[in-house]
Amino acid sequence: MKRSSKNLISMTVAASMIFPAGNLTCGFVSAQSRYDSRFENYPVYSGDDLELTVDSSGTRFRLWSPKAQDVVVNLYDNGRTGVPYKTLPMKQDVSTGTWTASVPEKLYGKFYTFKVKHGGKWLSETPGVWAKAVGVNGKRAAIIDFSTTSPAGWHQDKGPEVRNFSDVIVYEMHHRDMSMHPSSGIANKGKFLALTEKGTTSPEGEKTGIDHLKELGVTHVHILPSYDYNSVDETNLQNNTYNWGYDPQNYNAPEGSYSTNPSNPAARIREMKEMVKALHDAGIGVIMDVVYNHTAENDGSNFELTAPGYYHRHWDDGRYSDASGCGNETASDRRQMRDYIINSVKFWAKEYHIDGFRFDLMAIHDTETMNAVAAELKKINPSIFVYGEGWTAGDSPLAAERRALKENVSAMKDIAVFSDDMRDAVKGHYTDASDRGFATGKPGLEETVKIGIVAATAHPQVDYSKGNNSKFPYAESPEMIVNYVSCHDDLCLTDKLKKSMAGESEENMLNAAKLAQTIVFTSQGTPFMFAGEEVFRDKKGVHNSYKSPDSINAIDWSNKARYRDLFDYYRDLARLRKEHPAFRMTSAEDIARHLVFDEIDSSREPNLISYSLKDNANGDEWKEIKVVFNGASSSRVVNVKKGKWVIVAKDGKFTGQDAEDRFNGGRIELAPYSALILRSL
């Protein structure tokens with residue numbers, strides 16, 4: 001599975017980026033006409049007892065498989081080896097499409113699989129699609145008492161309160177990346193428990209792990225897939241096999257390789273909860289990366305072994321549709337799959353106290369499903385944050401106007417999308433390592449950066465016709481936009497700077513990194529950063545490190561002392577944003593009213609953007625904030641109106657804002673690749 005392809009916007013989808021929904025090219029119409037619609041009349045089961053219930057009456061099984069000819073449950077003593085000690089026949093309920101079986105005992109400690117007969121053939125065993133606890137490598141579902149898996153204080157545990165999405169600062173990380181390097185000082189390397197360890201330091205004495213996150217000041221961690229995925233052999237962890245985890249196997253059970261004992265089904269559950277609670281105790285929310293858009297296998301997936309053909313989209317000729325770029329795509333527009341996604345995220349929110357969900361290739365899903373997801377999650381926790389990638393990696397039978405594309409985000413409620421406008425304009429296009437962006441000296445990107453600054457909302461001073469990725473304001477609110485310059489996909493920011501600024505000094509690259517992140521953190525919307533950017537983390541130039549070894553992916557924490565100035569700058573950006581609501585407006589109307597760009601002729605002064613946040617924007621105590629970005633390789637002189645100003649940040653440094661930082665307006669010089677932030681007195 002090649003992960004980098006999942007961040008591609010296919011030519012057909014790129015076409016839909018140019019026009020509002022409803023004015024699309026005919027390519028999507030022809031695709032829709034080829035959609036396999038054989039499953040529209042399948043019965044739907046909305047009960048909450050799929051696939052296992054244990055209570056005072058015993059153990060009951062219920063499997064949804066409407067077209068099965070026969071189904072049995074195999075019971076095992078062991079999660080991996082041995083033959084079934086009992087096989088239970090299941091009884092069909094045609095009206096609900098389900099099959100049931102039961103025993104009077106509570107089968108805690110046992111394991112089970114289903115076996116479905118379909119089209120005259122017995123399919124391979126499967127734990128089903130609803131396994132919430134699994135044995136090693138996830139081939140058999142486990143029967144456990146969930147009440148025994150909660151750490152002390154779990155019933156009082158809760159994440160941070162979030163009033164507005166724009167208040168969130170997201171830090172994207174992978175379990176192994178954060179802790180595997182010898183410099184991390186963390187004992188439980190690569191495990192859920194790594195983020196429960198306090199007081200860990202690098203060899204130089206710098207904070208690492210959870211203490212580092214607190215010091216940095218992020219509000220939420222976005223953790224790459226933590227459900228049970230397919231690519232790591234949990235019986236051979238000594239091999240240190242690495243994977244991002246975008247190959248789902250069991251959507252509702254934690255990944256065993258992040259546990260200290262993958263053979264113990266309860267251990268992975270308890271340890272993941274301990275991690276969540278530790279982060280919550282530190283004031284940090286937990287966002288789960290979910291990949292409901294495709295499965296690791298095609299015919300061998302649990303979906304296909306349970307209800308063949310139903311959960312995936314196919315073309316009329318029987319081929320799997322592949323908008324994921326990974327061999328298949330799921331069919332969220334079918335009722336049972338929609339209910340599955342909704343109930344799955346509800347389970348994670350309730351059982352694991354997850355504070356948000358990042359949807360991988362969200363545009364494979366339909367907007368109706370995503371709206372239902374957000375609505376149901378808000379009932380559980382009003383602070384839950386839902387966002388995703390507003391694109392696909394290929395064509396889909398799902399009509400474009402129904403897709404959760406970024407340009408359809410205004411058709412969704414309480415959902416945000418990533419801004420590729422900001423990403424590609426600030427650092428250079430992701431498809432070309434050598435391509436520079438606004439922050440590294442490339443002219444002509446000023447208007448696209450402005451689109452990012454106003455969070456893709458309508459603004460009287462932003463000309464969308466000059467935008468590179470978007471030609472119309474697709475967000476009705478800044479809370480629909482997540483701004484970023486790099487993530488796990490493609491070159492991380494440090495590697496992008498090293499490639500595109502080859503031949504320039506490291507000092508220039510560090511300045512460009514500061515400028516890029518300043519643009520993200522001072523723009524409207526939600527700022528998002530990739531783990532380790534704050535310590536100049538690289539991945540040795542590897543674009544697609546989804547299965548690269550720890551030597552490529554692990555963060556070297558000695559970098560924190562080496563690049564302490566960079567870390568301090570990122571920390572101060574986070575503090576500035578949290579302390580000043582002017583950077584966190586919640587309506588397009590407020591942005592249009594309070595954010596005013598200075599008139600600059602980009603043909604004469606390229607790579608220069610200047611704007612003000614005026615009139616105590618969003619209730620800020622500062623009456624006016626002036627922000628200037630110089631993305632040129634040379635210093636620039638700008639004119640600031642006369643008045644009493646305090647320099648907040650200049651030339652890659654946050655000031656103490658003391659008397660010597662006063663400025664009365666007039667001409668002021670900006671260093672190459674730098675930002676200026678002023679506040680009025």
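**Exercise 1.** How many bridges join β5 to strand β6 (residues 98-103), and do they run parallel or antiparallel?

*Solution.* This is a predicted model, in which local features need pLDDT of at least 70, side-chain atom pairs count only at pLDDT 80 or more, and totals for chains, interfaces and linings use all residues. Residues are numbered from 1 along each chain as its sequence is written, and side-chain values use heavy atoms, with hydrogens and water left out. Strands are DSSP runs (E, at least two residues) numbered from the N terminus, and two of them pair if DSSP finds at least two bridges between them. β5 and β6 are joined by three bridges and run antiparallel; Gln 92 stands opposite Trp 99 in β6.

**Exercise 2.** Place this pair in its sheet, and name the edge strands.

*Solution.* The open sheet has four strands in the order β1-β2-β6-β5, with antiparallel pairing. Its edge strands, β1 (51-55) and β5 (91-93), each pair on one side only.

**Exercise 3.** Identify the strands that pair with β19, and explain why β19 is largely enclosed.

*Solution.* Strand β10 (residues 170-173) runs parallel to β19 and is joined to it by three bridges, with Tyr 171 opposite Met 529. Strand β18 (residues 481-483) also pairs with β19 in the parallel sense, over two bridges, and Asn 483 has Pro 527 as its bridge partner. Turning to burial (under 20% relative accessible area, 1.4 Å probe, protein chains only), one side of β19 carries Thr 526, Phe 528 and Phe 530 and the other Pro 527 and Met 529, all buried. Because five of the five residues of β19 (residues 526-530) are buried, the strand is largely enclosed by the rest of the structure.

How values were computed
Buried means under 20% relative accessible area, exposed over 50%, partly exposed in between (1.4 Å probe, protein chains only).
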